[in-house]
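Please go through this structure with the report below. It starts from a single residue and works outward.

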Amino acid sequence: MIKKLLVVFPLLLIFFSVWSQEPDSTNFSIYYSSPRTYTIGGIEITGIKHLNKDMLREYAGIQEGDEITVPGDELTSIIKKFWKQGLFSDVKINATKIIDDEIYLDIYLQERPRLSSVGFHGVKKSEIEDIKEQVLLLEGSQVVDAQLVNAERIITNIFKEKGFFDTEVNIVQRDDPEKENSIALDIYVDKKEKVKVEEIVMHGVKNLPENKLRRAMKKTNEKSWINLFRTKKFQEDLYEEDKLNVINKYNELGYRDAIITKDSISKVEGENTVRIEMWIEEGDKYYLRDIDWVGNTIYPDEHLQAYLGIKKGDIFNQTLLDKRLTIDNDAVGNLYLDNVYLFYNLTPVEINIENDSIDLEMRIYEGKQATVDKVIIDGNTQTFENVARRELYTLPGDLFSKSKLMRSYRQLAQLGHFDQERIGINPIPDQENGTVDIQYSLVEKANDQIELSGGWGMGMFVGSVGLKFSNFSAQNIFNKEAWKPLPRGDGQTLSLRAQTNGKFYQQYSFSFSEPWFGGKKPNNFSLSFYYSKLTRTNADYSYGGSPYGSQYGNSSYGYGSSMYGGGYGGYGGYGGYQPDYTNAEIEAWQITYGASVGYGYRLSWPDDYFTLYHELSLQHYNLKEWSYYQFLSNGDINDFSLKTTFSRNSIDNPLYSRRGASFSLSLEITPPYSLLNDKDYGDEDMSNETKYNFLEYHKWMFNAKWFTPLDPAEKLVLHTKYEFGMLGYFNEDRKSPLEGFKVGGDGMSGYDVYGSDNIALRGYSNGSVTAPTYDGGNAANIYSKATVELRYPITLSESAQIYALGFLEAGNSWYDYDQFNIFDLKRSAGVGVRFWLPMFGLLGIDWGYGFDMPHRGGESSTKSQFHFVIGQQF
């Protein structure tokens, strides 16, 4: 019995052990030939690091408890869905375990590598910016094959449009060892050479000269001597524009149905050029047979027809029609817009086309008169709003006018406080209420100026410092919070300038102007003071027998063969000799001081572009042993005068002017002392100190200039100018030896404080075109000058405005009236460039060539001359 139990007990243990174990859920087989339906017991998403697993699980479209056939189409479609996203480089679905009828799934997703960096090779920095704007390769984003193919195509097209027709782009991927599952892209661009146009062939052209059509293509030009100065490079985008230009040229000449039926661009074998062919269908030439006006109640048909300027029987010119209806300054549309009809609309309709004739019906909707509701000004971060607002011609409650809108733009530009290239005007109409809000968007620009300069003169250093604050605020001087670094915002101008070399030369000036004196009307008030002192010491000046050779020779005070020097140049110092100033004592001087006060106002007649300005000034000279003047070396000279200027200015822009004109006529007059007393100024016994103690004269100045744009973009500008000046007298025996004109050179006064106006005439040295004098004066009494300039901008940005120019100039001066001959002029020509920098104002350099012999200095004062310009325009 015991033996039987010992045998049965182990067998029972083995049985119960096997019966109590669960089946191995990871040891299973799935046969494609025997699909089986399971219930999903769980879903895991693996392999993902950056994406949201819950969203991916939901995107799979299955969840726990769903029944699924394995293998089956459901799993296959899930895999396809994930592949279709393009975000994964590997997609797998595995069964991790099966318990009875429950299956547990693992969806493995391998993310595509992410972009860590992009490098460009073979392109410029500016070209990289162009590429980045159009190709979105963002660091951290996944890199998709289609994205790379698209990037290659876009980059190729970018350079094709720029004329690099054979551009090759190669994008190389490399693993980034510093970042897991990341790659870097290297984009290699081989632009090759720009493709040029070898030939343009036009088929079907019968009624127009082919050359006229080729000239209409502004940017696509074949190799020809006619196109010597035009680009021959092929750019696809510009070529598309030029195809439209060809059709527009046909339209201008009446061929309104002209079309380019097809065109081809083929590479010339063995050459880096293309051949362009166009097939053109010209159609018929059309004429205007009738023009009817419909809907107009404000203006009669005859008035509108005259304003249109196109007559019945004229060639049908769509371009001209568009200009006369909406584009030109005197277009029909502006007739309505200038007279408050903002909601006006005009639609030309071709109501009948018969044979070669077209009947037009001008359908006009005049609408309500628009009233200005709100005037909004923004962007004035430094200038007070009232300074901008007081210049506007569009006021709340006024009827809308386009001409007033454009006048407001000009006034804002003339202030100089805002970038005139970025002044925005946005009318916001409310047709239902018949009103319009006008928004002026301004961008402040820096227009304060500083002058720091130095040079060698009179044997020692001469320094200059000048400050000009163009947007000063006097009312905030005592407001500590307004000093940032100076009180600004009221549009006033404050100028301070000092120039000195210490003991021997000093000059100081101060000026202030308020453009809206009193704050209610544009009345200009100005005030200025100045002081200068020139001295001579007892140092040994003698050189070659001339007591002033060293001080005045080759200086800004001498001319030609004058006894006071041998040329015209920088102040002081003869080139081969320098006196010893160490222990020198002052023994001679000229002290000049003066003051002026002015008041001007805007006129309403003939129009409000006119202004009238009056200025009262007093200038005093004190001389001691000062032998520069032949007529007087010791004594005092007083100049008390009243100046009136009548002017008109309609120039659009004070820096780079494109259109408009200005002229001014001024008269400066002193009291006629010789007519008010009984003195005989012809008496030889009368001393010059008595004769010239108070100067008397009448001085006339005329200045006119015009600006005319020569191209549709208004970049190329023609500037013409004429000047005339005359110094008159009340008594022939008492002609003023001062206040005349020095002509020639750059027109800058430098250290010259000797009572004369400096007139620029490029191509000649400073003062060399000044007529000889014989009464002890140092300047001419009459001058005349004409200028023609062509200007073209290089940049008109806020930080700097630069333009190039070429000029023709002619001028002369005369001492006596009987010598005056307006056709006897000294001619010159040259080129130059102007820079406007916010802190320094206008700077420039000109090269001029004088063709005629000047009055002073001989040939050395003409021919090739360079001129530097600071703070002025010729």
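## A loop asparagine

Asparagine 476 sits in the loop that links β18 (460-472) to β19 (492-500). The coordinates come from a predicted model. Is asparagine 476 buried or exposed? Its relative accessibility is 14%, so asparagine 476 counts as buried, since buried means under 20%.

Which residues does asparagine 476 touch, beyond those up to four places away in sequence? They are Phe384, Ala482, Trp483 and Pro487.

## The chain as a whole

The chain has 874 residues, and 44% of them are buried. It holds 15 helices and 34 strands.

Many contacts span long stretches of sequence. Take the contacts between residues at least 6 apart in sequence: 62% of these join residues at least 24 apart.

## Strands β21, β22 and β23

Strand β22 (residues 586-602) pairs with two strands described here. With β21 (residues 524-537), the pairing is antiparallel and runs over 14 bridges. Arginine 536 has alanine 588 in β22 as its bridge partner.

Strand β23 (residues 610-624) also pairs with β22 in the antiparallel sense, over 14 bridges. Here isoleucine 591 is matched with asparagine 622 of β23. In a regular strand, side chains alternate between the two faces of the sheet.

## Tyrosine 599

Tyrosine 599 belongs to strand β22. How accessible is tyrosine 599? The value is 33% relative accessibility, so tyrosine 599 counts as partly exposed. That class covers the range between under 20%, which is buried, and over 50%, which is exposed.

Set aside the neighbours within four places in sequence. Tyrosine 599 then contacts Phe517, Asn523, Asn524, Leu612, Tyr613 and His614. Asn524 falls within the residue range of β21 (524-537). Leu612, Tyr613 and His614 fall within that of β23 (610-624).

Threonine 644 lies 45 residues from tyrosine 599 along the chain. The C-alpha atoms of the two are separated by 9.7 Å.

## A three-stranded sheet

Another sheet is open and has three strands, in the order β14-β16-β15. Its pairing is mixed. Why does one side of β14 and of β15 lack a neighbour in the sheet? Strands β14 (371-378) and β15 (424-430) stand at the edges with a single partner strand each, so one side of each is left without a neighbour. From one strand to the next, the twist averages 20 degrees.

The pairing of β15 with β16 (residues 435-441) is antiparallel and covers seven bridges. Proline 427 stands opposite isoleucine 438 of β16.

## Helix α12 and the pocket

Helix α12 lies across β15 and β16. It runs at about 20 degrees to β16. The helix spans residues 402-415 and also helps to line the second largest pocket.

How many residues line this pocket? There are 20, and Asn329, Met406, Tyr409, Asp652 and Arg659 lie nearest its centre. Met406 and Tyr409 fall within the residue range of α12 (402-415). The helix gives seven lining residues, the largest share.

The volume of the second largest pocket is about 740 Å³. Its lining counts nine charged, seven polar and four nonpolar residues.

Note on methods. Residues numbered from 1 in each chain as written. Predicted model: local features only at pLDDT ≥ 70, side-chain atom pairs only at ≥ 80, totals over all residues. Heavy atoms only, no water. 1 Å grid on protein atoms, 1.4 Å probe; cavity = no way out; pocket = protein on both sides within 12 Å on 5 of 7 lines; lining within 4 Å. Points joined across faces, edges and corners; volume = space filled by probe spheres on them. Helix = DSSP H or I, 4+ residues; strand = E, 2+ residues; numbered from the N terminus. Nonpolar A, V, L, I, M, F, W, Y, C, P; charged D, E, K, R; others polar. Pairing = 2+ DSSP bridges. Axes fitted to C-alpha atoms, helices over the stretch in contact; angles between N-to-C directions. Contact = heavy atoms within 4.5 Å. Buried < 20%, exposed > 50% of the residue type's maximum accessible area, 1.4 Å probe, protein only.
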